[in-house]
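Open the model in the viewer and show it as a cartoon with side chains hidden. The stops below can be selected in order.

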Amino acid sequence: MANPGLGKSSLLRRMAIGLAAFGVWPMVLGDIKGEHVAMIEALGGAVLPLGRGVGHINPLDDAG
């Protein structure tokens with residue numbers, strides 16, 4: 001909701017890495033452009049690619 005190039009993604013990345021250092025697990029939901037994939041993988045997280053014909057999430061699955 002702001003002008004491009006003002007550092008919104010950079011701020012989010014910095015906050016997520018800082019909070020991860022304190023034990024908070026960052027979740028980036030709906031990363032349309034894939035800007036935060038490398039950061040999440042570097043922090044040891046899982047990236048679930050979703051889209052038309054690619055992957056799925058079943059919220060009713062208890063995942064045992």
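Where is histidine 36 found? In this predicted model, histidine 36 lies in the loop between α1 and α2, the latter covering residues 37–42.

**Stop 1: the whole chain**

Before zooming in, keep everything in view. The secondary structure comes to 2 helices and 0 strands. The C-alpha trace spans about 40 × 30 × 20 Å along its principal axes. The radius of gyration of the chain is 14 Å, whereas a compact globule of 64 residues would have one near 11 Å. Switch to a surface: the chain exposes about 5,800 Å², and carbon and sulfur atoms supply 62% of that area. Of the 64 residues, 6% are buried.

**Stop 2: helix α1**

Select residues 8–21, which form helix α1. The helix has 14 residues and reaches 20 Å from its first C-alpha to its last, close to the 20 Å expected at 1.5 Å a residue. Move on to glycine 23, just after α1, where phi is positive at about 95°.

**Stop 3: serine 9**

Return to helix α1 and pick serine 9. Serine 9 counts as partly exposed because its relative accessibility is 22%, and the buried class requires under 20%. Leaving out residues up to four places away in sequence, serine 9 touches Glu35 and His36. Add aspartate 31 to the selection: the C-alpha atoms of serine 9 and aspartate 31 are 11 Å apart in space, with their positions 22 residues apart in sequence.

**Stop 4: histidine 36**

Is histidine 36 buried or exposed? Histidine 36 counts as buried, because its relative accessibility is 5%. Show side chains around histidine 36: apart from neighbours within four places in sequence, its contacts are Ser9, Leu12, Arg13, Val28 and Asp31. Serine 9 and aspartate 31, the pair from the previous stop with C-alpha atoms 11 Å apart, are thus both among the residues in contact with histidine 36.

**Stop 5: a nonpolar patch**

Finally, select Leu19, Phe22 and Val24 and show their surface. Which kind of surface patch do Leu19, Phe22 and Val24 make? The patch is nonpolar, with an area of about 340 Å². Of its members, leucine 19 belongs to helix α1. Leucine 19 counts as partly exposed because its relative accessibility is 43%. Glycine 23, with its positive phi of about 95°, can be kept in view alongside the patch residues.

Key:
Residues numbered from 1 in each chain as written. Predicted model: local features only at pLDDT ≥ 70, side-chain atom pairs only at ≥ 80, totals over all residues. Heavy atoms only, no water. Patch = residues over 30% accessible without salt bridge, like charges linked within 9 Å, V, L, I, M, F, W, Y side chains within 5 Å. Areas by Shrake-Rupley, 256 points an atom, 1.4 Å probe, with all protein chains shown as cover. Salt bridge = Lys/Arg side-chain N within 4 Å of Asp/Glu carboxyl O. Helix = DSSP H or I, 4+ residues; strand = E, 2+ residues; numbered from the N terminus. Buried < 20%, exposed > 50% of the residue type's maximum accessible area, 1.4 Å probe, protein only. Contact = heavy atoms within 4.5 Å. Expected span 1.5 Å × (residues − 1). Rg over C-alpha atoms; globule rule 2.2 N^0.38 Å.
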